[in-house]
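Biologist: I am new to this structure, and I would like to learn how its descriptions are reached. Could you take me through some of the reasoning?

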Amino acid sequence: MKKSDETKESSSDLPKAYEFSAVEKKWYEYWEKHKKFHATMDDGKPSFSIVIPPPNVTGVLHVGHALNNTLQDVLVRYKRMQGYNVLWLPGTDHAGIATQNVVERQLAAENISRHDIGRKKFIERVWQWKEESGGQIINQLKRLGCSCDWDRERFTMDEGLSRAVREVFARLYHEGLIYKGDYIINWCPRCHTALADLEVEHEPTDGKLYNIRYPFTTGDGYLVVATTRPETMLGDTAVAVHPSDERYNNLPEKAVVLPLVNRTIPIVFDAHVEREFGTGALKVTPAHDLNDFEISRRHDLPALKIMDESGTMNEAAGDYAGLDRFACRKKVVEDLEKLGLLEKIEEYQHGVGHCYRCQTVVEPTLSKQWFVSVKPLAEKAIAAVKEGQTKIHPKTWENTYFDWMYNIRDWCISRQIWWGHQIPAWTCEDCGELIVSNIDPEECTKCAGSKLVQETDVLDTWFSSALWPFSTLGWPDNTKELSVFYPTSVLITSFDILFFWVARMMMMGLHFMEEIPFKDVYLHALVRDAEGQKMSKSKGNVMDPLLVMDKYGTDALRFTMIAFAAQGRDVRLSEDRIEGYRHFINKIWNAARFALLHIRDSHPTPIEEIDPETLSLPHQWILSRTNHTIGEVHKALNDYRFNDAAHSLYQFVWHEFCDWYLEWLKDILFGDDELAKTTGQGILFALLEIILKLLHPITPFVTEEIWSVLPGNRSSIMTEPFPEQVDSWNNPEADASAELLMGVVTGFRNIRSETGIHPSARIDGVIICPVKHKAEVLKNNSKAVRERARVGELHILQEGKQPQGAASYIFNEIEIFVSLAGLVDVDQELAKLEKEMDKVSLQLKKVEGKLGNSKFLDNAPEEVVAGEKEKQETMSAKLAKINESMERLKHLND
């Protein structure tokens with residue numbers, strides 16, 4: 001068989017077992033070599049584009065990545081087969097703090113720090129690390145089967161993206177949307193950098209509420225102030241009370257003495273104060289609390305910083321200078337107690353902010369930082385979702401999006417680290433002029449001086465990520481990629497970065513491109529373990545997708561992920577489930593091996609030549625079911641209901657095609673009617689091709705391997721057209737007739753199973769079907785029923801009574817009977833069932849004991865309680881089934 005260079009090597013047969021390791025390596029190399037992932041920009045073709053959520057360059061593939069990228073790959077392969085110009089643009093994020101920490105640890109192992117080698121040399125070391133180790137996750141994505149256009153791979157610090165970042169910063173600054181100012185920021189004393197609000201993780205913490213006496217200046221009386229951070233009182237510049245709080249209507253004076261420091265501070269009235277908190281009197285520490293900072297602005301209060309960048313008390317803290325903040329807290333409380341100024345200490349649970357990177361307790365502090373004024377940008381981003389220009393799936397997340405956007409605060413974009421986009425702002429040492437430019441200035445724009453010093457801070461990593469949909473396509477240049485692929489079609493990402501990333505891309509895209517960055521946003525949930533618990537190293541329930549792929553194959557992992565990726569529900573993953581879908585991959589393989597035995601010397605019947613009216617019932621039915629499945633898969637993928645697509649394919653391939661159609665087809669293929677055999681071979685061939693194409697987006701490797709060995713001159717299945725529905729294949733009558741036959745066969749099989757008749761034992765049956773046309777269908781297909789149900793003599797009647805000593809099964813209005821004479825020892829079967837019933841009853845009693853225990857219900861994790869309830873339902877259903885079977889058997893003894 002002649003093969004071009006674009007045609008794959010193939011064999012004329014499939015081995016008995018599917019050896020996925022060699023297959024996956026072979027086909028991925030083939031796809032890359034022949035540029036099968038390369039984006040086309042052909043005129044006249046619709047475009048479909050996705051930008052990958054760039055994983056951190058420090059990252060290693062985890063189950064969250066596996067789910068996210070499998071979902072994207074399914075859509076990309078689907079659209080590619082539909083004939084779109086498809087671009088899946090890959091890349092990685094420079095991950096400022098994370099990457100700097102990695103390299104700093106390397107330096108620490110050499111007993112040096114970044115300060116020892118200086119900024120320039122340190123940045124060189126980071127780039128060196130990136131070149132040597134930064135591509136690990138890209139290779140792992142390839143292992144997953146991701147069909148990204150690797151020739152277009154981007155990095156958030158590459159030359160083109162750096163240029164875009166500078167351009168955006170400069171434009172926003174000159175539009176008045178970027179400014180530098182004093183503000184309370186979230187400061188990590190460990191990472192030595194500012195954190196955006198969403199980079200702070202608030203954890204419920206059992207703490208203390210300290211009630212402190214602030215004496216009036218006359219020495220007669222005091223105000224009691226409650227705080228969770230007594231060390232910050234050293235920086236108090238006022239006490240605030242609510243103007244409507246009647247407790248403070250008749251204060252003897254409007255000032256108090258700050259304990260330990262003996263500084264007089266005013267009492268101010270401010271509506272911000274929560275009257276319900278503590279005593280209703282609030283200590284105001286403008287340099288170390290955002291709300292206090294806002295109060296200080298309204299009342300023109302000074303701000304006093306009492307800590308340095310490491311969380312150590314500074315000179316402004318007086319006698320407490322040099323103490324760590326928590327040691328200072330202890331000392332302050334001791335001293336207040338000695339002076340009789342500590343009224344009481346209460347247990348108090350509150351949310352304490354921690355750094356998302358290192359988990360250090362965050363310290364709010366006053367600092368000069370760079371900010372984006374985002375409210376003007378947010379207005380367009382809100383309107384775009386409200387008007388349906390961008391749709392969020394599931395729709396329930398829209399309310400969260402609006403809530404965040406309506407309450408948005410200015411975005412602190414400066415970080416005090418070295419790795420990242422250094423802010424393009426320079427200060428003239430001669431005249432103090434601040435110059436912001438997208439290119440390095442050679443002289444001061446005000447005095448023409450040449451002594452220019454660049455800002456040392458770098459930009460928040462999310463700043464460059466916010467430009468990802470258009471910067472990666474060549475902006476600020478007007479490229480063909482931008483005209484073809486922007487706006488992108490869909491963004492698939494995790495719900496937890498809806499605001500971190502999605503909202504910011506919306507704002508930047510609308511501002512700079514004057515168009516939305518993506519038409520749809522699909523937010524997937526978390527991947528949890530089988531019990532619904534979050535995966536973590538401490539729990540020992542983390543699943544490594546790389547090890548799973550080594551054990552079960554990539555297609556099995558991918559199909560499992562897709563099968564459980566229901567909108568709005570977390571994915572519960574377990575090895576048992578993956579192993580189950582590994583069996584499905586084997587089922588596909590074995591079905592293909594069977595088919596190849598019969599289509600080796602044939603050709604697939606062209607779809608347009610298949611006329612269902614000329615075919616027998618099994619063919620008519622399977623064509624109708626194929627058509628139905630094609631429609632379901634299209635609808636599911638277009639609606640981002642990935643699990644529905646997987647479910648439809650699983651049901652169709654395993655239960656309809658393999659379990660029923662292939663069994664019916666054997667009667668034809670092994671029969672004597674050559675014309676029927678030829679027709680069957682052609683349809684089987686056509687169906688196998690359709691099934692492989694339908695499955696390919698989810699299971700690319702096994703489908704490519706099988707496709708390659710089918711007869712004919714073949715290129716990659718990736719370039720084949722995705723199946724479309726054929727109106728003439730819809731056949732409700734055939735569907736109903738086949739359902740009737742399958743229901744009857746299932747009835748006979750259930751009788752065998754429930755009465756313990758050996759599978760090979762001959763049985764005789766009676767069917768009483770009162771509906772005439774259904775009885776005719778059964779008579780016309782009685783041979784197929786007998787073959788599938790292994791029934792010898794079969795009588796089909798429209799009326800009659802139950803034969804004596806016969807087991808029965810009801811299917812709709814049809815009664816099915818099997819004579820048990822000489823086949824079943826009723827007493828022995830009853831004894832077996834009674835033993836099983838005792839066993840299940842005991843298990844059910846234990847579960848019900850747990851669920852009846854209020855202590856268990858109050859203390860056990862929610863997912864554990866749900867698991868016990870599920871066991872209760874399963875066992876109750878099993879008992880009901882056993883009782884039903886026993887009643888049937890007892891009836892036979894009557």
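Biologist: Why is asparagine 781 called buried?

Modeller: Happy to start there, with the reminder that this is a predicted model. Asparagine 781 has a relative accessible area of 18%. Buried means under 20%, so with 18% asparagine 781 counts as buried.

Biologist: Where is asparagine 781 placed, and what is it in contact with?

Modeller: Its place is in the loop between helix H23 (772-780) and helix H24 (782-789). Leaving aside neighbours within four places in sequence, asparagine 781 is in contact with Leu617 and Leu741.

Biologist: How many of the residues count as buried in the protein chain?

Modeller: Of its 894 residues, 55% count as buried. The protein chain has 27 helices and 29 strands, and its C-alpha trace spans about 110 × 70 × 55 Å along the principal axes. Among contacts between residues at least 6 apart in sequence, 77% join residues at least 24 apart.

Biologist: What makes the pair of tyrosine 78 and phenylalanine 722 edge-to-face?

Modeller: A pair of aromatic rings is described by the distance of the centres and the angle of the planes. For tyrosine 78 and phenylalanine 722, those values are 4.9 Å centre to centre and 85° between the planes. Centres within 6.5 Å make a pair, and planes over 60 degrees apart count as edge-to-face. The 4.9 Å and the 85° meet these cut-offs, so the pair is edge-to-face.

Biologist: What does this pair tie together?

Modeller: Tyrosine 78 lies in helix H2 (residues 63-81) and phenylalanine 722 in the loop between H21 and H22, so the pair ties together parts that are 644 residues apart in sequence. Both tyrosine 78 and phenylalanine 722 are buried.

Biologist: How do you know that phenylalanine 470 and tryptophan 475 form an edge-to-face pair?

Modeller: By the same steps: their centres are 5.2 Å apart and their planes make 85°. Set against the cut-offs of 6.5 Å and 60 degrees, these values give an edge-to-face pair. Phenylalanine 470 and tryptophan 475 are buried too. In total, the structure holds 40 aromatic pairs. One aromatic cluster is formed by Phe559, Phe564, Tyr581, Phe584, Tyr650 and Trp654.

Biologist: Why are helices H16 and H21 called oblique to each other?

Modeller: Two packed helices are described by the angle between their axes and the distance between the axes. The axes of H16 (residues 554-563) and H21 (residues 700-709) come within 7 Å and cross at roughly 125°. Roughly perpendicular runs from 65 to 115 degrees and roughly antiparallel is over 145. An angle of roughly 125° fits neither, and H16 and H21 are therefore oblique.

Biologist: Which residues make that contact?

Modeller: Thr554, Asp555 and Arg558 of H16 meet Pro700, Phe701 and Val702 of H21. These residues divide into 3 nonpolar, 1 polar and 2 charged.

Biologist: What makes E27 and E28 edge strands of their sheet?

Modeller: The open sheet has 4 strands in the order E27-E26-E29-E28, with mixed pairing. E27 (791-797) and E28 (806-811) each have a single partner strand, so one side of each is left without a neighbour in the sheet. Neighbouring strands are turned by 20° against each other on average, direction ignored.

Biologist: How do you know that E28 and E29 pair?

Modeller: Pairing needs at least two bridges, and E28 and E29 (residues 814-819) have 6, in the antiparallel sense. Alanine 807 stands opposite valine 818, and serine 808 opposite phenylalanine 817. Their hairpin has 2 residues between the strands, and asparagine 812 takes a positive phi near 55° there. Helix H22 (residues 732-755) packs on the sheet, touching E26, E27, E28 and E29.

Biologist: Which strands are at the edges of the sheet E8-E7-E13?

Modeller: In this open, antiparallel sheet of 3 strands, E8 (222-227) and E13 (342-355) are the edge strands, since each pairs on one side only. The bridges between E7 (residues 200-215) and E8 number 6, and tyrosine 214 has leucine 223 in E8 as its bridge partner. Helix H8 (residues 325-338) packs on this sheet, touching E7 and E13.

Conventions. Residues numbered from 1 in each chain as written. Predicted model: local features only at pLDDT ≥ 70, side-chain atom pairs only at ≥ 80, totals over all residues. Heavy atoms only, no water. Axes fitted to C-alpha atoms, helices over the stretch in contact; angles between N-to-C directions. Contact = heavy atoms within 4.5 Å. Parallel < 35°, antiparallel > 145°, perpendicular 65-115°, else oblique. Nonpolar A, V, L, I, M, F, W, Y, C, P; charged D, E, K, R; others polar. Phe/Tyr/Trp six-rings, centres within 6.5 Å; stacked < 30°, edge-to-face > 60°. Buried < 20%, exposed > 50% of the residue type's maximum accessible area, 1.4 Å probe, protein only.
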